[in-house]
Amino acid sequence: MHADFQAFLSALDSKGELRKITTSLDPNLEITEVADRCMKMPGGGPGLLIENPTGYGMPVAINTMGSEKRMAIALGVGDVQEIADEIDDLLKPEVPASFADKVALLKKAGRI
């Protein structure tokens with residue numbers, strides 16, 4: 001996992017999943033237009049960091065979780081299917097037959 005959103009953005013950048021836009025863009029229509037075009041690209045397009053939104057002193061990050069690859073990076077896994085499998089495992093516990101099975105079930109409950 002990432003310590004904060006800035007660390008997540010750094011991880012995206014290091015993996016080539018973030019495009020930095022230095023051109024000033026208006027947040028009212030231009031940012032949404034650029035983001036819409038990117039999101040319609042194959043694979044969800046890149047995550048975007050608009051560094052100079054017109055009229056604001058803070059950058060805007062958009063489409064940072066718009067692909068399975070970026071979702072996996074956000075969740076700290078190799079593939080989002082790992083999380084789906086873990087949730088499935090937690091939701092369908094087997095009835096424990098032995099003491100060891102009961103202890104294992106308690107460990108599962110701790111993950112929740």
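Which elements cover the buried residues of α3? In this predicted model, the cover includes α1, β2 (47-50) and α4 (80-91), and the buried residues of α3 themselves are R70, A72, I73 and A74.

Two packed helices are described by the angle between their axes and the distance between the axes. For helix α1 (residues 5-14) and helix α3 (residues 68-75), the axes come within 10 Å and cross at roughly 135°. That angle makes α1 oblique to α3, since it falls short of the limit of over 145 degrees that would count as roughly antiparallel. The crossing of the two helices, α1 and α3, is right-handed. On the α1 side the contact is formed by F8, A11 and L12, which meet R70, I73 and A74 of α3; classed by residue type, this contact comprises five nonpolar residues, one charged residue and no polar ones.

The segments flanking α3 were also examined. In the loop between β3 (60-62) and α3 lies T64, a residue with a relative accessibility of 10%, which therefore counts as buried, the cut-off being under 20%. When neighbours within four places in sequence are left aside, T64 is in contact with F5, F8, L9 and L12, as well as with G47 and R70. Among these partners of T64, F8 and L12 also take part in the contact of α1 with α3, as does R70 from the α3 side. At the other end, α3 is followed by G76, a residue whose phi is positive, near 75°.

Technical notes:
Residues numbered from 1 in each chain as written. Predicted model: local features only at pLDDT ≥ 70, side-chain atom pairs only at ≥ 80, totals over all residues. Heavy atoms only, no water. Axes fitted to C-alpha atoms, helices over the stretch in contact; angles between N-to-C directions. Helix = DSSP H or I, 4+ residues; strand = E, 2+ residues; numbered from the N terminus. Parallel < 35°, antiparallel > 145°, perpendicular 65-115°, else oblique. Left-handed = near helix turned anticlockwise from the far one by under 90°. Contact = heavy atoms within 4.5 Å. Nonpolar A, V, L, I, M, F, W, Y, C, P; charged D, E, K, R; others polar. Buried < 20%, exposed > 50% of the residue type's maximum accessible area, 1.4 Å probe, protein only.
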